[in-house]
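Trainee: Could we walk through this structure together, one question at a time? I would like to practise reasoning from what I can see.

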Amino acid sequence: MINQLQEKYQLSLLLLLSIVAVLGVFPFVVIRFLEHNYVAAIIDMTLVIGIVSLVAYAHKAKQIRLVSAILAIFINAGVVTIVVANGTGSFLWVYPVFASTFILVRPIEAFIINLVACLSLLALSDIFETVSLNSFVVTIIMLSMSAFVYASHGAKQFSLLETLNSVDPLTGALNRRAMSTDIQAALALAERQGVSHVLAILDLDFFKKINDKFGHAVGDKVLKDFVTITTTHIRKHDRLYRFGGEEFVLLISDSNKQPQAFIQHLRTAIKNELKTPDGQEITVSFGVASWVKGTTADTWLKRADEALYLAKENGRDCAVFSKD
Ligand SMILES: Nc1nc2c(ncn2[C@@H]2O[C@H](COP(=O)(O)OP(=O)(O)OP(=O)(O)O)[C@@H](O)[C@H]2O)c(=O)[nH]1
């Protein structure tokens, strides 16, 4: 969800950049033509057309990160070219272009792109015969450093927001919001490409007794331990979500061809490793439902929940697979 928000934000920045390019650079294309400075006019025109085309492609293909990176390199290369070709007449464009780079790519990437552009300017342009090299170096370092600090701060805040939005604060498992988004994505993948997933609800057995006997704080620790243990036994692409209380959802990706064996292995591993403070084993019941054609998020969870009910009825510490 936050990722979608970030993509929309990045896309709106790209759109803004293309508007600025058209409104800010295009008049110079006309001015350069009128001045018969055709080289500069062609470079400016190439920049405008390149920026607008790349942004249109990003909008259509949703390749926002890739296009942003290409655009960052493109505008830096563009500003170096125009300064080399046009000299001090285009020199001031270096500053807004360097600052814009931090909007397009990660701070460290922007810093490197700026550095390469800066060194290219020093090597290729003769503007430093008229512009003070010391002033240029100091002002450009100040600009890049300020933009770097500001962009890094923004990136950290975004990552914190992402964590707050998608992670259960007690256990560190993903939360229900993330689960809803991922289930929808898994359903779309299954319908489009036949990449199916298995969904399991995991419920700790007699958890209330643990709370009653050892207190809520120990209950909390058991939940945390459960997440740590489970996470070490699932693969990178599998996802564990806290569904509520002592109930968790596991979304297992298609590449696991033997979900039954995997679930039984996981159940045994948790039983062997998850303990009460006095060393008693804690067991877990599983209700498991594979994706079938026509599955919705609600029916998938319902089938897993019904299977879990049967697992509890069967005496707990077991996994029941939905038959439909
Ligand atoms: N410590 C702790 N306990 C919680 C939390 N959320 C829910 N619980 C407790 O989990 C317990 C769930 O109890 P039940 O629904 O009866 O389930 P159970 O005792 O595990 O029994 P079965 O599921 O039938 O095996 C309740 O006592 C809740 O108070 C939590 O965040 N921390």
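Trainee: Which residues of α11 are exposed on its other side?

Mentor: Good place to begin, and keep in mind that this is a predicted model. Helix α11 covers residues 297-313. On the side of α11 that is turned away from its buried residues, the exposed ones are Asp 298 and Glu 313.

Trainee: Why do the buried residues of α11 line one face of the helix?

Mentor: Start with the names: Trp 300, Arg 303, Ala 304, Ala 307, Leu 308 and Ala 311 are buried in α11. An α-helix has 3.6 residues a turn, so residues three or four places apart point the same way. Looking down the axis of α11, we find its buried residues on one face because they fall within an arc of 140°.

Trainee: What do the buried residues of α11 pack against?

Mentor: Take Ala 304, one of the buried residues. Apart from its neighbours within four places in sequence, Ala 304 is in contact with residues including Leu 199, Ala 200 and Val 288. For the buried residues of α11 as a group, the partners are α7 (176-193), β1, β4 (284-290) and β5 (319-321).

Trainee: Which element gives the largest share of the largest nonpolar core?

Mentor: In soluble globular proteins, nonpolar side chains tend to be buried together. Here the largest nonpolar core has 39 residues, and Ala 200, Tyr 241 and Ala 304 are among those with the most contacts inside it. The largest share of this core is six residues, and they come from β1.

Trainee: How many residues does the second, separate core have?

Mentor: You can find this core through some of its members, including Ala 21, Ile 75, Val 83 and Phe 98. The second core is separate, and its size is 33 residues.

Trainee: Which element gives the largest share of the shell around the ligand?

Mentor: The ligand is surrounded by 16 residues, with Asp 205, Phe 207, Lys 208, Gly 219 and Gly 245 the closest. Two or more residues of the shell come from each of β1 (198-204), α8 (207-214) and α9 (216-233). The largest share is four residues, and the element that gives them is α9.

Trainee: How many residues of the shell around the ligand are charged?

Mentor: Let us sort the shell by class. It has five nonpolar and four polar residues. The charged residues in the shell number seven.

Trainee: What covers the buried residues of α6?

Mentor: Helix α6 has 34 residues and reaches 49 Å from its first C-alpha to its last. Its buried residues are Ser 144, Ala 147 and Ala 151. What covers them includes α4 (94-104) and α5 (107-124).

Key. Residues numbered from 1 in each chain as written. Predicted model: local features only at pLDDT ≥ 70, side-chain atom pairs only at ≥ 80, totals over all residues. Near = placed C-beta within 6 Å. Nonpolar A, V, L, I, M, F, W, Y, C, P; charged D, E, K, R; others polar. Core = buried A, V, L, I, M, F, W, Y, C linked by C-beta atoms within 7 Å. Buried ≥ 20, exposed ≤ 12 C-beta atoms within 10 Å, placed from the backbone. Contact = placed C-beta atoms within 7 Å. Expected span 1.5 Å × (residues − 1). Arc of directions from axis to C-beta.
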